[in-house]
Amino acid sequence: MRNRFALFALATLLLFATSSLHAADERKIRLLNVSLHPLFTLASSAIRGQLHSRADVSRCLIVGFFGGYGFYESKIAAGRGDIRTALVIANVASSLTSNVAAGRHPLARLGVTIGPTRTEFSTVFEQDRSAFVYIGVSAYESVALMRMRSASDKMEWRDGLIAFRKHEPYHGDGRAFGGFTYGVFPGTQYGAADSTWNHEVIHAIQAMQRDSFEPSYRTWFRRRQQQSPRFKLVRLEPLSLGVFPSINDGFVDRQDYTDRWTEIEAWRLAQGRPPR
Ligand SMILES: [Zn+2]
């Protein structure tokens, strides 16, 4: 079961990376979010060995649909500059996704992403909780933080995100940009238009979306979870590596800037036109 779904996830990623989406409008962007997000949620759950019945599959697809729709709405809100609303929706969508992929009730834990950490609060829907608060750290996002720090001049708190500023333009792919984002860390050049900030926040939300599928390193190394760990008020979760976001980067980096799905989505929703 595991291998089949892992292959399926890879095939979907390929499709994702190679489709021609230049003419994508908001309807198409919504369609992709509500169709691909549930498939990745299902793949994530399969990789964790959490699909035991048809009911598990349907639950992943249905909750994944709402997760994908949430991320779409979140990106729309970011595109119009309502960043705080966008982040609230993205955090709820992440919670739904990671809960159902881990085989929990969709509302078992409500989490918030702050930089490379995700703090989840147990709700009344969580059965057999082993803590009230769970703190997870992503290795991928920790590296992204270091990369953004070295590429930028200043780190700041902006609209609920750890953000970066730079006096000169950012450089990448032989081009100069007024904004740049690694992982969940958006950066903009001083004096950049508001739409550039909104665009970079959409990239940060895309990163949250990819991170929401990621299991802990134990899953990839097939280590069994402790059966019933001793209850703690605050529990540090096993590290998450960032395999899902890394695979995505591998595909996206091979594409020309204007062909990248991530750019097509951010440009369309923040600037109202295709990438250029
Ligand atoms: Zn961009």
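Which residue just after helix 9 takes a positive phi? In this predicted model, the residue is G272, whose phi is about 70 degrees.

## Helix 9 and the residue that follows

Helix 9 spans residues 261-270 and is mostly covered, with 9 of its 10 residues buried. The buried positions are W261, E263, I264, E265, A266, W267, R268, L269 and A270. The list thus includes the tryptophans W261 and W267 as well as E263, E265 and R268. Just after this helix comes G272 with its positive phi.

## The hairpin of strands 8 and 9

Strand 8 covers residues 179-182 and strand 9 covers residues 185-189; the two run antiparallel and are joined by 4 bridges. Within this pairing, T181 of strand 8 stands opposite P186 of strand 9. The two strands form a hairpin with 2 residues between them. In the turn, G183 has a positive phi of about 55 degrees.

In a regular strand, side chains alternate between the two faces of the sheet. Strand 8 shows G179 and T181 pointing one way and F180 and Y182 pointing the other way. All four of these residues are buried.

## Loop residues with positive phi

Most residues other than glycine have a negative phi. D128 is not a glycine, yet its phi is positive, at about 50 degrees. This aspartate lies in the loop between strand 2 (117-122) and strand 3 (131-137). D128 counts as exposed because it has 8 C-beta neighbours inside 10 Å, and a residue with 12 or fewer is classed as exposed.

D173 also has a positive phi, near 55 degrees, and is a residue other than glycine. Its position is the loop between strand 6 (170-172) and strand 7 (175-177). Is D173 buried or exposed? D173 is exposed, because 11 other C-beta atoms lie within 10 Å.

## A contact distant in sequence

S228 is found in the loop between helix 7 (217-220) and strand 10 (232-236). With 8 other C-beta atoms within 10 Å, S228 is exposed.

How far apart in space are S228 and D128? The two residues are separated by 100 residues in sequence, while their C-alpha atoms are 8.2 Å apart. This pair therefore links two loop positions that are both exposed: S228, with 8 other C-beta atoms within 10 Å, and D128, with 8 C-beta neighbours inside 10 Å.

Terms used
Residues numbered from 1 in each chain as written. Predicted model: local features only at pLDDT ≥ 70, side-chain atom pairs only at ≥ 80, totals over all residues. Buried ≥ 20, exposed ≤ 12 C-beta atoms within 10 Å, placed from the backbone. Pairing = 2+ DSSP bridges.
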